[in-house]
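Thanks for making room for this one on the agenda. I would like to walk through the fold from the whole chain down to single residues, so please keep the structure in view while I talk.

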Amino acid sequence: MIRIATISDRNLLKTMFTEFYASDAVMHTIPQAYHETALDELFSASSRQRAYVLEDGETPVGYALISEKFSHEAGGLELWVEELYLREAARGKGCGSAFFRFLLETAQKEGIARVRLEVEPENTRAAALYVKLGFLPLPYNQMAWTPEGAI
C-alpha cells in the first residue's frame, strides 16, 4: 500500500531518513538536524513537498519524498523525486515499481509536466528500473552550491 504521510508518521520518517542516509545509496551522510528541518518543512502549511509511506500490509517498508516546483523548461509543474528508500527486506519485490506506477498515474491526473529524479551511477539496479518505467537520462551535469562549500 502507498499512502500520503501524515504528521503521525514523523518519527517513522525520521527513522527511515536516518537509515537511507546511512546506506550506500547516497554519496555522503548529512547532519541529523537536517532530518528535523526536512520534517518541519514537509508538515508546514506552505510546503511544496509530499511524502509517501510504502507499506507491506501494515508494515512500513519505505518512503518517498517528493518536491514540486514550476519548470519553465518543462512548461509546467515538475515533481522531483528527492528520495525513494526501501528497507532491505522489501527490495526486489516490486515495491519500487508499484510506487512509480502510482506516482506517474498521480502525475498524469494532476497535469504534472515532468517527473525528475537522480540516481548514483553505481546504482545500476535502480537505473534499470527507471529506464523500464520510461525515464530517460538527461544530458546534464548537476552542480550545487552551499555556503559551506561542501555538498
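The secondary structure of this chain, which I should say at once is a predicted model, comes to four helices and five strands. Read from the N terminus, the elements follow the order β-α-α-β-β-β-α-β-α. The radius of gyration is 15 Å, close to the 15 Å that the globule rule gives for 151 residues, so the chain is as compact as a globular protein of that length. Along the principal axes, the C-alpha trace spans about 40 × 35 × 35 Å.

Some totals for the chain belong here as well. Of its 151 residues, 38% count as buried, and the accessible surface comes to about 9500 Å², with 56% of that belonging to carbon and sulfur atoms. If we take the contacts between residues at least 6 apart in sequence, 55% of them join residues at least 24 apart.

Let me turn to the sheet. The five strands form an open sheet in the order β1-β2-β3-β4-β5, and the pairing is mixed. At the edges stand β1, residues 2–4, and β5, residues 114–117; each has a single partner strand, so one side of each is left without a neighbour in the sheet. From one strand to the next, the twist averages 30°.

Within the sheet, β2, residues 49–56, pairs with β3, residues 59–71, in the antiparallel sense, and eight bridges connect the two. In this pairing, Glu-55 stands opposite Pro-60 in β3. Helix α3, residues 95–110, packs on the sheet and touches β1, β2, β3, β4 and β5, while its direction makes about 165° with that of β4, residues 76–86.

That brings me to the last helix, and to a question: which residues of helix α4 are buried? In α4, which covers residues 124–132, they are Ala-126, Leu-129 and Tyr-130. These residues cover an arc of only 100° around the axis, which puts them on the same side of α4. What covers them includes helix α3 and the strand β5, and β5 is, as I said, one of the edge strands.

On the face of α4 turned away from that buried side, we find the exposed residues Thr-124, Arg-125, Val-131 and Lys-132. Finally, just after α4, Gly-134 takes a positive phi of about 105°.

Key. Residues numbered from 1 in each chain as written. Predicted model: local features only at pLDDT ≥ 70, side-chain atom pairs only at ≥ 80, totals over all residues. Heavy atoms only, no water. Pairing = 2+ DSSP bridges. Axes fitted to C-alpha atoms, helices over the stretch in contact; angles between N-to-C directions. Contact = heavy atoms within 4.5 Å. Buried < 20%, exposed > 50% of the residue type's maximum accessible area, 1.4 Å probe, protein only. Arc of directions from axis to C-beta. Rg over C-alpha atoms; globule rule 2.2 N^0.38 Å. Areas by Shrake-Rupley, 256 points an atom, 1.4 Å probe, with all protein chains shown as cover.
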